[in-house]
Structure formats: structure tokens, C-alpha cells
Amino acid sequence: MSTLYPVSLTTSPEGPMCLADIPLPKLAAKYGTPLYVMDRETLAKNCRDYTQALAKFYPNSLVVFAGKANLNLGLLNILAQEHLGVDVVSGGELFTALRSKIPAQHVLFHGNNKSSSELEMAIRHGIRIMVDHEEELVQILGLAKTLEKTAQIMLRLKPEIEAHTHDYIKTGHIDSKFGLDKRDLIRLVNWIKSEPSLHLKGLHSHIGSQIFDLEPFEDLAQIMTQHMATVKAECEIELEELNLGGGIGIQYTTQDDPPSIGLYIEKLTTKLKACCAELGIAQPRLILEPGRSIVGTAGVTLYSVGAVKSIPGIKDYVFVDGGMADNPRPMMYQAQYTFSVADKPHETPSRIYTIAGKYCESGDILAKDVKLPEVNVGDTLVVFDTGAYNYSMASHYNRSAKPAMIVVENGQDRVLVRRETYEDLLRYDEE
Ligand SMILES: Cc1ncc(COP(=O)(O)O)c(C=O)c1O
């Protein structure tokens, strides 16, 4: 089944494309463009695909949204309604999470170089910290003692698996900047055990992103449960939690064929339960950290077409009023997307266009060779599956004001992040 389009996307026999029964060109006119639009129904579906499959196969679990994919207060509050936690990777993300309706015990803090003030904020609020390296452990211990608190920690291990979309290497990633070496695990656990200011909740590892193959996830479950068994045998600690990260891929184009979330959960938890039984360890509370697969397919970006420029015999450009500042992914790693003209869903795609952004870089190209109906100035171009790693990676390049983000549901639309103004751009400038 195609998951390219948001659940509430519809086209009537005559009119424009609608999301949650609202015509997309109408949203573009109301809020201006570029505009990030999140579909509440798709968000609910993606969250529930996780929570319902886990309720069936592995109830002792928690889904935390990887906030780096897209983070703002309104979105977190929606995810709180869906019973998700959040993982954060910076003081700014942590601050946002703490102001949201997600309870502090459902917030996890990652990062390979957390500052003292960031760690202090986490310890004060009882946030689980994913310890990246030994130096950080020393720092956490010092802070916890000073603050007279017990720091809740999990040890992040290098995954020992390098997973790409189509292939993977089991022994890879020893050179990753993230995580501890497994050879240090027992020594560190014994040390933590002797420190009352530290509470070791469990282990964590994350293998990568946009992965379609389920085998690396199963292998990760095996490797990590083996580490848990070693800790049990050598340190006499039965670890309570296991965080297996995020990474399942989504469909950006018809070429992509990701597994369903339900299948991923079924396979992963079946393997996890089998490994625990085989190794004689208690089933840990399973934490998963999906980012892209929660928000990616729920988001679309709307642009207005400012010009169509033909270079005869060479190519036809469609110029849109955004580009690399609101979506750097095509430029950063040749990410592919699916495009439509929201005003003309029924017209047959007959022309090949290059979609170019408005920024002062020749490389600001959103896509090449896109087949669309004839595009005219003023049309609303829609890009699908932009809910992940677009807004969160947006920049002010060329002094551009960041777009608004709205959410739509049952014919209603509301702002999650208001559009920046030129005055906002001057806010931190000194004369
Ligand atoms: C530690 C960690 N957890 C979770 C994620 C989320 O990955 P994804 O968005 O692919 O699900 C990432 C992404 O890089 C990550 O680094």
C-alpha cells in the first residue's frame, strides 16, 4: 500500500487537492508560502501503528519521538496526546520538551558533547541521559553529587552494525563519533554500581536512518541482549531498559519500499523475546526512538510558483518561493521527493521540469526531471513527505524568514509555528 501521501489527502473530480477537507491552495493563500502543513490524521496513524503493535507484541515499552526530526511545542503536545515521549539532543530541544505536555519521565537526552548546563538541566528534571563517553560520565557524576540528585543514565554503545538502506555490515561503525566501546562496558557498569548518585537504567544503541531492511534491527536486538546478559553475569545487575533507537525508513517516492511499522515491531520484538529467553535474562522495557516514521509522511510543503523559465532545448525551470533554506535535504544528500501541482490534480503530467529554489546558490535545486502537468505562475506546488528533517534543518540563508507550520484536522487548520517576520530577523542584531 502506498504511504507516499498523507492519510487525509483527497482529490474531488473537479477541484484542487485537499488535506483534511481543506483545499491546499486555500491554505497557501491564507498563511502564505512556503508553508509546512502537518496532517493530524497521519500523525495519529503513525503513532498508533507503533503503540498498537507494541501493545500487542511487547506491552512493556515506550515510544519516544526523535525530536531532531521536527520539534516545536504544538507538535510535541499532539504527540503527548498519542502517548509518545521525546528524545532530545540539545539544551534547546530539552527546554522545549520540558515546556511541552510530555512528562519528564518520557524525555531522553542524547548527544556526544552535552554541556554542563545542559546536563544540569537534565539532572535537575530527572531526565534519562544517554551517556556517550567516559568523560561525560565523570561530568554527570560530579554534577549529580553537587546537585544532590541521582542521575538517571543509560549507556550508549556503538552499534557494531552499519546499516544503510539496502545493505549493512555487522562489524561496522567502530569509528562512529557516537557511543561507548563494548570493551569498556563491564568496567563502567561496575564503577556506576559503586556510585549512589548514578542509577543505570539500561543500554542504548542506534544503527542509522532510512533503513528498509529489518535484519539489522533484529541483529541489534541480539547484540544488545548479549551485552545485557554479560552485565548480568559479570556485574550482577539485571538492566531494566533497552533502547534500540530509531531508523525505520519511509516512502519518499514510488521507488521506496519500506516495511510497515507493524511488521518492524513484530519482527523486532519476536527476536528480542527469543534472545531474552535464550540468554536467561528478564525482558527489559523496550524503548524505541522513531523520528522520520512518525512525522515524515504527515508533512507536506506548499510553495507558490513565481516563474517558469525555459531554456529552449535544454530544460524548463519551475521557480518556487522557498528551497534550500526550508528543505536542505536535496542539496545535502540528494534526497528525492514526490511533487504535484495542488491546483491541477486531474491534469495528466506531460512536462518535465527542474524545480529550483529562490536562494543564491546554483545548487539550490529541489528536484530534477519531475513530471508534472503544465505549470503556471501562481500555481501551488506541493512536496510530499517533508514532515521530517525539513523544518528542523531549516536555516535563515539569504536572511530568509522561516516558514509557518500549521496542522490540519477535520476541516480545521491551526498554527503550530508562526511565520517569521523581517522584524524577527533583526531581533538579535546590534547596531
Ligand atoms: C540516537 C538516535 N535516535 C533516533 C533517531 C531517529 O532516527 P529516524 O528519524 O531515522 O527514525 C536518530 C537519528 O539520527 C538518532 O541519532
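This section describes the barrel, the nonpolar core and one buried loop residue of a predicted model.

The barrel is closed by 8 strands in the order E5-E6-E7-E8-E9-E12-E13-E14, with parallel pairing. On average, neighbouring strands of this sheet are turned by 30 degrees against each other, direction ignored. Within the barrel, strand E12 (residues 198-204) runs parallel to strand E13 (residues 241-243), and 3 bridges join the two. His204 stands opposite Asn243 in E13. Strand E12 is also covered by helix H6 (residues 134-147), which lies across strand E8 (128-131) and strand E9 (151-156) as well. The helix runs at about 150 degrees to E8.

The largest nonpolar core comprises 120 residues. Val37, Val86, Ile129, Leu302 and Val382 have the most contacts inside this core. At least three of the core residues come from each of domain 1 (9-39 + 296-426) and domain 2 (110-290). Residues up to four places away in sequence being left out, Val382 touches Met17, Leu24, Val300, Leu302, Phe339, Ser340 and Ala342. Among these contacts of Val382 is Leu302, itself one of the core residues with the most contacts.

Beyond strand E9, Ile161 is found in the loop leading to strand E10 (162-163). Ile161 counts as buried because 21 C-beta neighbours lie inside 10 Å, where the cut-off for a buried residue is 20 or more. Ile161 and Gly387 are 226 residues apart along the chain, and their C-alpha atoms are separated by 27 Å.

Key
Residues numbered from 1 in each chain as written. Predicted model: local features only at pLDDT ≥ 70, side-chain atom pairs only at ≥ 80, totals over all residues. Pairing = 2+ DSSP bridges. Helix = DSSP H or I, 4+ residues; strand = E, 2+ residues; numbered from the N terminus. Axes fitted to C-alpha atoms, helices over the stretch in contact; angles between N-to-C directions. Contact = placed C-beta atoms within 7 Å. Core = buried A, V, L, I, M, F, W, Y, C linked by C-beta atoms within 7 Å. Buried ≥ 20, exposed ≤ 12 C-beta atoms within 10 Å, placed from the backbone. Domains from an automatic or database assignment.
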